[in-house]
Amino acid sequence: MRQATTTTGGHVLSTHGHPVRRLPQGHLIRRLSQLYIGLALYGASAALFVEAGLGLEPWGVLHQGLAERTGLTIGVVSIVVGAAVLLLWIPLRQRPGLGTVSNVFVVGLAMDGTLALIPEAHTLAVRIPLLLAGILLNGVATGLYIAARFGPGPRDGLMTGLHRRTGRSIRLMRTAVEIAVVVTGFVLGGTVGVGTVLYALSIGPLAQLFLRVFAVPSASDGSTVVATGQPRGAILRP
């Protein structure tokens, strides 16, 4: 039987009587803009790490190592790995959102596009600023993307899914997964260095800062019905 809805007091009620918030069109447009700008900037920031050559973030190490072995671009590898990780959500009973699926494709495409546009950096005088810019841009991108509230990225969903299935803390799951990812990527030829350490130390505070900057306020009236709230278990990485 089709679910019917009725309108009352500025809300839509399902056949079960549960209210679904109606949000203004502009509110949805802002959230979608933040989602896709954030994902594009995240891919661009990952490209800056690659060009700096001073160490990548954990999953970037794996992507680069696989790219070295397969001959694929690092952006294409990012897409393939993201899709593979998303398949692991099935036994973990994770439910993807629009942001989850978009993450798989947009980040990798933006990474390859940025790498095609920026020239190679050879001196430390250029590579160090590239690294610092990549870390800062990654924090901005993370704040934009998560504040849009369209679901966690595939890799974060894997960690939160493992947390729920095993009962272990998210911190432990994240640490275990990222150590395995970094070690595997390094063995395959990915770059681990000072950039990897700086990223690990700075991304948490930066993401928290930009989550506050880009927080989308709640709306109580309008005409577009959308799901509200951030999926439980989203953590700070697309």
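1. A quick definition to start: the expected span of a helix is 1.5 Å times one less than its number of residues. Helices here are DSSP runs (H or I, at least four residues), numbered from the N terminus. Keep in mind that this is a predicted model, where local features need pLDDT of at least 70, side-chain atom pairs count only at pLDDT 80 or more, and totals for chains, interfaces and linings use all residues. Residues are numbered from 1 along each chain as its sequence is written, and side-chain values use heavy atoms, with hydrogens and water left out.

2. Take helix H1, residues 25–52, first. Its 28 residues should span 40 Å at 1.5 Å a residue, and the end C-alpha atoms are indeed 40 Å apart. Just after H1 comes Gly53, with a positive phi of about 65 degrees.

3. Now have a look at Thr123, which sits in the loop between helix H5 (98–117) and helix H6 (124–147). Thr123 is partly exposed at 42% relative accessibility (buried is under 20% relative accessible area, exposed over 50%, partly exposed in between, with a 1.4 Å probe and protein chains only). Although 71 residues separate Thr123 from Ala52 in sequence, their C-alpha atoms are 9.2 Å apart.

4. How many salt bridges does a search of the whole structure find? Just 1, going by a side-chain nitrogen of Lys or Arg within 4 Å of a carboxyl oxygen of Asp or Glu. The partners are Arg174 and Glu178, with 3.5 Å between the closest N and O atoms. They are 4 residues apart in helix H8 (residues 170–188), so about one helical turn separates them. Arg174 is partly exposed at 21%, whereas Glu178 is buried at 13%.

How values were computed:
Helix = DSSP H or I, 4+ residues; strand = E, 2+ residues; numbered from the N terminus.
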